[in-house]
Amino acid sequence: MATRLELDTLLPGTIVTVAGSGEPGYAGDGGPAVAARLNEPKAVVVDEGGHLYIADSENNLVRRVDLGTGIMTTVAGRVLEEAQRPSRSGDVSTPTEPMDDDLLDSPGYAPGKMAQLADLSGTVRFVVGSAASGRYQGDEGPATEAVLNFPSAVVVDRNGNVYIADTRNHRVRKVDAITGRIATIAGTGRARFSGDGGPAVNAALNEPAALAIDERHLYIADQSNNRVRMVDLATGVIVTVAGTGEAAYTGDGMPAVEAALAGPSGLALSPTGDLFIADTFNGRVRVLERATGRIRTVAGDGATYRYQGLDQEFSTSLSRPYGIALDRAGHVLITDSDSHLIRRWDCGKRIITRLAGSGAPEYKGDGGPCQGSALNYPFGVAVDTAGNIYIADTFNHRVRMIANAR
């Protein structure tokens with residue numbers, strides 16, 4: 001991997017790989033990130049110190065790349081034996097019922113038996129034996145000795161504390177920047193909904209899939225509860241800020257707590273505190289306005305859509321919008337995941353453009369302009385302070401970067 005100095009010399013709009021060899025599996029800690037193996041990276045974030053954090057979901061790890069040196073390390077999670085074998089996932093289907101924590105006790109699942117499970121993202125996963133079982137260990141101990149279960153999101157606060165959406169453990173966990181120890185700060189481990197108005201550690205979550213953080217609050221996309229919830233970091237109290245729990249589309253122009261969402265999977269905060277929500281299975285990006293508490297759609301029209309070529313370059317329809325981020329101009333970057341694109345919504349002109357991806361699930365384009373690239377089910381996107389855009393190119397098992405995209 002190129003160093004930060006070398007990355008800064010790339011022409012604007014050039015796309016390159018910054019982590020992952022493209023071979024699924026686990027390898028490479030302590031060495032160059034581009035030679036390391038990732039297994040379905042689902043989300044990315046960059047902290048103020050120039051570190052790239054990766055939710056390495058199928059490896060059940062959170063990994064970090066020093067963008068100055070290009071070296072990769074693990075900051076949370078312990079590699080289990082089965083994680084070192086290549087993943088068989090990658091067959092993407094239409095969304096099904098979310099996987100409940102009781103499913104793994106059903107007759108269809110047994111140790112040593114091949115099981116086919118589907119998560120709310122629509123990804124069909126083939127797992128053998130205990131590899132599929134819910135695993136949760138390590139609270140109050142070193143984060144690198146803990147066991148995570150399909151971490152899908154990571155954020156970092158200004159003090160360097162790392163927050164993890166430990167999705168299939170139905171928890172949000174925090175790694176202390178000073179001690180390196182991990183603890184649950186939200187969720188009981190049961191896939192349920194409960195606990196609003198009380199301590200977040202006593203509240204039930206159901207597949208938390210995305211996080212956003214400001215000085216006082218942690219926002220959680222409680223995906224299979226069809227809600228967005230907020231934890232007051234000073235008091236530890238959790239409340240719902242958007243969604244009724246019904247998987248539907250209702251409520252633009254009304255209080256967000258009275259509006260329905262369907263599988264919210266991405267979150268992003270504006271500098272003014274407005275919260276953007278990827279309302280994934282409604283095919284929309286919506287915004288919860290801080291000043292009013294009301295919700296409205298800012299991108300997407302809910303139409304059934306799959307990108308077919310340049311004649312649809314400016315279509316306002318989205319196909320499973322999942323990850324979202326705001327660029328330096330305040331425009332919304334969207335992973336149009338089923339169309340294998342990164343798209344950008346200009347909030348002022350109210351037009352959408354294709355930033356990266358061809359519409360086909362492929363890998364190509366490194367070293368060239370981003371619009372000539374191909375992606376394979378991108379799920380995560382993030383922006384650093386220099387304007388570089390990072391993409392969790394999930395089924396290419398890579399993290400890619402677009403240099404100073406304009």
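Guide: Welcome! Buried means under 20% relative accessible area, exposed means over 50%, and partly exposed lies in between. Please keep in mind that this is a predicted model.

Visitor: Thanks! Is Asp 29 buried, exposed or partly exposed?
Guide: The relative accessible area of Asp 29 is 31%. Buried needs under 20% and exposed needs over 50%. Asp 29 therefore counts as partly exposed.

Visitor: Which residue forms a salt bridge with Asp 29, and where does that partner lie?
Guide: The closest N and O atoms of this pair are 2.9 Å apart, and the partner of Asp 29 is Arg 63. The pair links distant parts of the chain, 34 residues apart. Asp 29 sits in the loop between E1 and E2, while Arg 63 belongs to strand E4 (residues 61-66).

Visitor: Is Arg 63 buried or exposed?
Guide: Arg 63 has a relative accessibility of 0%. The cut-off for this class is under 20%, so Arg 63 counts as buried.

Visitor: What about Arg 320: with which residue does it form a salt bridge?
Guide: Here the closest N and O atoms are 2.5 Å apart, and the partner of Arg 320 is Asp 338. Arg 320 lies in the loop between strand E20 (295-299) and strand E21 (321-326), and Asp 338 in the loop between strand E22 (332-336) and strand E23 (341-346), so the pair ties together parts 18 residues apart in sequence. Arg 320 is buried at 6% relative accessibility. Also buried, at 11%, is the partner asked for, Asp 338.

Visitor: Which residues do salt bridges with shared partners join into one network?
Guide: A search of the whole structure finds 16 salt bridges. Those that share partners join three residues into one network: Asp 29, Asp 56 and Arg 63.

Visitor: Let's go inside. Which residues have the most contacts inside the largest nonpolar core?
Guide: This core has 20 residues. Elements that give two or more residues to this core are strands E1 (15-19), E2 (41-46), E3 (51-56), E26 (389-393) and E27 (398-402). The largest share, 3 residues, comes from E1. Inside the core, the residues with the most contacts are Leu 52 and Ile 54.

Visitor: Which residues is Leu 52 in contact with, leaving aside its neighbours within four places in sequence?
Guide: Among them are Val 44, Val 45 and Val 46, as well as Tyr 390 and Val 399. The others are Val 18, Arg 64, Val 65, Leu 67 and Arg 63. That last residue also forms the salt bridge with Asp 29, so to name the full set for Leu 52: Val 18, Val 44, Val 45, Val 46, Arg 63, Arg 64, Val 65, Leu 67, Tyr 390 and Val 399.Visitor: In the open sheet E9-E10-E11-E12, why is one side of E9 and of E12 left without a neighbour?
Guide: This sheet of 4 strands has antiparallel pairing, and its twist averages 30 degrees from one strand to the next. Strand E9 (151-156) and strand E12 (182-186) stand at the edges, so what leaves one side of each free is having a single partner strand.

Visitor: Which residue is the bridge partner of Arg 173 in E12?
Guide: Strand E11 (residues 171-175) and E12 pair in the antiparallel sense over 4 bridges. Arg 173 also forms a salt bridge with Asp 166, with the closest N and O atoms 3.0 Å apart, and both residues are buried. In E12, the bridge partner of Arg 173 is Thr 184.

Visitor: Which strands are at the edges of the open sheet E13-E14-E15-E16?
Guide: This sheet has 4 strands with antiparallel pairing. Each edge strand pairs on one side only, and the two are strand E13 (208-213) and strand E16 (238-242).

How values were computed:
Residues numbered from 1 in each chain as written. Predicted model: local features only at pLDDT ≥ 70, side-chain atom pairs only at ≥ 80, totals over all residues. Heavy atoms only, no water. Core = buried A, V, L, I, M, F, W, Y, C linked by side-chain atoms within 4.5 Å. Buried < 20%, exposed > 50% of the residue type's maximum accessible area, 1.4 Å probe, protein only. Contact = heavy atoms within 4.5 Å. Pairing = 2+ DSSP bridges. Axes fitted to C-alpha atoms, helices over the stretch in contact; angles between N-to-C directions. Salt bridge = Lys/Arg side-chain N within 4 Å of Asp/Glu carboxyl O.
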